[in-house]
Amino acid sequence: MKFFIDTANLDEIREAHELGVLDGVTTNPSLMAKEGIKGRDNILRHYKAICDIVNGDVSAEVIATDFKGIVEEGELLASIDEKIVVKVPMIKDGVKAIRYFTDNNIKTNCTLVFSAGQALLAAKAGATYVSPFIGRIDDVGGDGLALIQQIVNIYNTHGFATEVLAASIRHVPHLIQCAEIGADVATCPLNVILGLLKHPLTDIGLEKFLADAKKTV
Ligand code: E4P
């Protein structure tokens, strides 16, 4: 399973990259706003700065919601760097645009996916990635991981090439269960990736080893 980091913060992206486990980055307009990135040129420069850090795909989301606008914006984003994946919302014009991008060899990430039907449409349109938001589904009393499992089953049954990118991951158990049920990619905040490191017995064991090591010098 690939690890993507879900942030537009350059320090966090650098930290995950330096850990040696990062396969890509996802961003969205809320994450860009959180970093205070404003204006088209600054946004494009920021995406380029992200691409210069990572070895892997970088999802950059369009703001337009009509076919022509999505295509124009997506082509501009894709021209920044070959690592850019155009992130397109699951709406009617978005599906049409994903088909256009697929036919023109531009990678896409279909975002804001909350049902198996939407995931099926994204795959039919040739999306490179589909992003079901599991945390947001859990927030409204649904079962986000069950949706991931359902989409993985459908894609495997029919041999779709679209990769299942589990998004809106909130905690370590989400990430582990995504790995167990066969998500191709998980995108999560840095604290969830670093959370994988933690086990109290590791801390206790290391403390004891270091204490005993002092007796050997
Ligand atoms: C995915 O690509 C989205 O950027 C993200 O995972 C949304 O997560 P949230 O529900 O925590 O905002």
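Which helix gives the most to the lining of the second largest pocket? The model is a predicted one, and its two pockets described here can be taken in turn, starting with the one that answers this question.

The second largest pocket holds about 200 Å³ of space. Its lining consists of Pro-29, Met-32, Ala-33, Arg-40, Ile-43, Leu-44, Tyr-47, Glu-61, Ile-63, Glu-73, Leu-76 and Leu-77. Helix 2, helix 3 (40-53) and helix 4 (67-78) are the elements that supply two or more of these residues. Helix 3 is the answer to the opening question: with 4 residues, helix 3 gives the most to this lining. Sorted by class, the lining of the second largest pocket has 9 nonpolar and 3 charged residues, and no polar ones.

The largest pocket comes next. Its volume is about 370 Å³, and 23 residues line it. Asp-6, Asn-28, Leu-31, Ser-168 and Pro-189 are the lining residues that lie nearest the centre of this pocket. Two elements, helix 2 (29-34) and helix 10 (190-195), give two or more residues to the lining of the largest pocket. Helix 2 provides the largest share, 3 residues. Helix 2 is also listed among the elements that give two or more residues to the second largest pocket. By class, the lining of the largest pocket counts 6 nonpolar, 10 polar and 7 charged residues, whereas no polar residue lines the second largest pocket.

What sits in the largest pocket? The ligand does. Around the ligand are Asp-6, Thr-26, Asn-28, Lys-87, Phe-133, Arg-136, Ala-167, Ser-168 and Arg-170. This shell has 2 nonpolar, 3 polar and 4 charged residues. Asp-6, Asn-28 and Ser-168 belong to the shell, and these residues are also among those nearest the centre of the largest pocket.

Three side chains of the shell can be followed down to atom distances. In the side chain of Asp-6, an N or O atom is 2.7 Å from an oxygen atom of the ligand. For Asn-28, a side-chain N or O atom is likewise 2.7 Å from a ligand oxygen atom. Arg-170 places a polar side-chain atom 2.8 Å from an oxygen atom of the ligand. Taken alone, the ligand exposes 350 Å², and the protein buries 85% of that area.

Methods:
Residues are numbered from 1 along each chain as its sequence is written. This is a predicted model: local features need pLDDT of at least 70, side-chain atom pairs count only at pLDDT 80 or more; totals for chains, interfaces and linings use all residues. Side-chain values use heavy atoms; hydrogens and water are left out. A residue is near a molecule or strand if one of its heavy atoms lies within 4 Å of it. A polar contact is a pair of N or O atoms within 3.5 Å; within protein, one must be able to donate a hydrogen and the other to accept it, and residues adjacent in sequence count only if both atoms are side-chain atoms. Accessible areas come from the Shrake-Rupley method with a 1.4 Å probe; for residues, only the protein chains shown count as cover. On a 1 Å grid over the protein atoms alone, a cavity is a set of points where a 1.4 Å probe fits but cannot get out, and a pocket is an open set with protein on both sides within 12 Å along at least five of seven lines; lining residues have an atom within 4 Å of a point. A molecule sits in a cavity or pocket if more than half of its atoms lie within 2 Å of its grid points. Ala, Val, Leu, Ile, Met, Phe, Trp, Tyr, Cys and Pro count as nonpolar, Asp, Glu, Lys and Arg as charged, and the others, Gly among them, as polar. Grid points are joined across faces, edges and corners, and a volume is the space filled by probe spheres set on the points.
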